[in-house]
Amino acid sequence: MSHVPQIRIPATYMRGGTSKGVFFRLQDLPERAQVPGPARDALLCRVIGSPDPYGKHTDGMGGATSSTSKVVIISPSTQSGHDVDYLYGQVPIEGAFIDWSGNCGNLSSAVGPFAIANGMIDPARVPRDGLCTVRIWQANIQKTIVAHVQVTNGEVQETGDFELDGVTFPAAEVQLEFIDPADEGDGEGGGAMFPTGNPIDDLDVPGVGVFRATMINAGVPVVFVEAAALGYDGTELQGAINEDKTALEKLEAIRAHGAVRMGLVADVAAAAKRPLTPKVAFVAPPRDYVSSSGKPVKAADIDLLARAMSMGKLHHAMMGTASVAIATAAAVPGTVVNAAAGGGTREVLVFGHPSGTLRVGADVKQVDGAWAVTKAVMSRSARVLMEGLVRVPGDAF
């Protein structure tokens with residue numbers, strides 16, 4: 001019996017925000033994986049260790065959660081006025097495919113540091129000490145992200161005292177600006193902040209119920225519903241949702257029917273092939289609770305409570321792109337998110353999530369009677385966990 005040896009591919013394992021993933025330079029991938037297609041997907045699935053019927057990712061770099069089963073490909077930008085192109089792939093744990101339909105706001109914070117460290121930014125623009133601005137083209141949703149990365153002695157500064165709930169240790173702050181973050185999409189609602197044309201709709205989910213829902217496209221498409229309509233108060237942690245099979249099925253049904261109403265898929269069955277987007281989230285007015293780390297969160301310190309599902313499970317903190325959607329929806333009167341935050345108008349929001357709190361801002365305006373978001377701003381942190389060569393069996397793709 002002949003055996004195909006493993007191949008070696010330069011890679012960097014990075015944490016970005018509350019996620020982590022395997023980062024590649026496009027040029028380092030095997031030639032047939034440098035273009036979209038089955039070979040690329042098969043290779044990257046094997047890197048992560050999917051599909052894994054055991055749900056552990058024991059034979060790969062994945063962490064067996066939606067937050068830790070991710071891949072990123074970085075290349076010199078093809079777009080004028082940008083430094084790098086950033087392509088993000090979400091790898092299902094038990095699925096043999098990669099979902100390229102959206103962005104990861106958390107890993108966005110690692111793209112600038114990766115680009116600087118890998119010599120992809122003009123050295124003349126990298127200060128010896130100070131902030132280096134990296135203009136990123138988010139290739140999945142065709143949008144611009146501007147990262148402001150701290151540099152010390154000419155190198156990316158990774159350590160610092162910036163604390164991010166959901167991340168154990170402090171690190172250096174990375175400021176992110178998401179410019180015009182509405183996903184252009186590929187359905188009939190693509191590009192519109194409210195694909196249905198309304199800030200709130202009645203979403204009929206057969207067999208489950210009718211929900212007051214805000215379906216918004218900002219950062220990532222999200223279906224927001226009221227926590228109370230699901231029998232929740234908004235303080236739930238992962239165990240309360242992820243160990244309840246009936247709850248997971250109900251939330252997935254809401255997500256699937258929302259995807260159809262948003263024009264993202266033709267029918268409910270097609271939503272299963274697009275698990276990354278849209279997200280489904282539920283919101284509630286502020287109340288005291290204790291986060292997953294044991295940290296008390298006071299109602300007086302937050303504007304609302306938010307919980308979001310990622311790849312069929314409650315996220316342990318909050319996705320960066322969903323944070324953009326939360327801030328944007330909260331700024332528009334009449335949405336379920338705005339109502340949970342007490343109504344009125346706001347440019348900056350602090351919300352409570354399972355791991356603690358997050359501050360995020362969004363600039364919105366009305367253009368010819370339609371709402372649009374021009375920019376969302378938040379801070380994250382990022383650092384390299386390991387770099388070198390990832391190994392994959394040569395016949396895996």
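How much space lies in the largest cavity? About 60 Å³, and keep in mind that we're looking at a predicted model here. That cavity has company, since the structure holds 4 cavities of 30 Å³ or more. Fourteen may sound like a crowd, but 14 residues line the largest cavity, and K70, N103, C104, K279 and M319 are the ones closest to its centre. Sort the lining by character and you get 4 nonpolar, 8 polar and 2 charged residues. As for where the lining comes from, strand 4 (84–90) and helix 5 (320–330) each chip in at least two residues.

Let's follow helix 5 for a moment. It is mostly covered, with 11 of its 11 residues buried. The buried set runs from G320 and T321 through A322, S323, V324, A325, I326, A327, T328 and A329 to A330.

Now hop over to strand 16, a short stretch covering residues 313–314, where you'll find L314. Is L314 buried or exposed? Its relative accessibility is 1%, and because the cut-off for buried is under 20%, L314 counts as buried. Leaving aside residues up to four places away in sequence, L314 touches E236, L237, Q238, I241 and N242, along with R307, A308, M309 and P354. G361 is another matter: L314 and G361 sit 47 residues apart in sequence and 23 Å apart in space, C-alpha to C-alpha.

T12, in strand 1 (residues 6–16), can be read in a similar way. With a relative accessibility of 8%, T12 counts as buried too. Its contacts, again not counting residues up to four places away in sequence, are G21, V22, F23, F114, V384, M386 and E387.

Finally, take a look at strand 10 (residues 209–218). Why is strand 10 described as largely enclosed by the rest of the structure? Because 7 of its 10 residues are buried. Strand 10 also has a pairing partner in strand 9 (residues 201–205), with the two running antiparallel over 5 bridges. One of the pairs to look for is D202 with R212, its bridge partner in strand 10. These two strands make a hairpin with 3 residues between them, and G207 in the turn has a positive phi of about 80°.

Strand 10 pairs with strand 11 (residues 220–226) as well, again antiparallel, this time through 6 bridges. Here M215 has V223 in strand 11 as its bridge partner. Strands 10 and 11 form a hairpin with 1 residue between them, and G219 in the turn has a positive phi of about 85°.

Methods: Residues numbered from 1 in each chain as written. Predicted model: local features only at pLDDT ≥ 70, side-chain atom pairs only at ≥ 80, totals over all residues. Heavy atoms only, no water. Helix = DSSP H or I, 4+ residues; strand = E, 2+ residues; numbered from the N terminus. Buried < 20%, exposed > 50% of the residue type's maximum accessible area, 1.4 Å probe, protein only. Contact = heavy atoms within 4.5 Å. 1 Å grid on protein atoms, 1.4 Å probe; cavity = no way out; pocket = protein on both sides within 12 Å on 5 of 7 lines; lining within 4 Å. Points joined across faces, edges and corners; volume = space filled by probe spheres on them. Nonpolar A, V, L, I, M, F, W, Y, C, P; charged D, E, K, R; others polar. Pairing = 2+ DSSP bridges.
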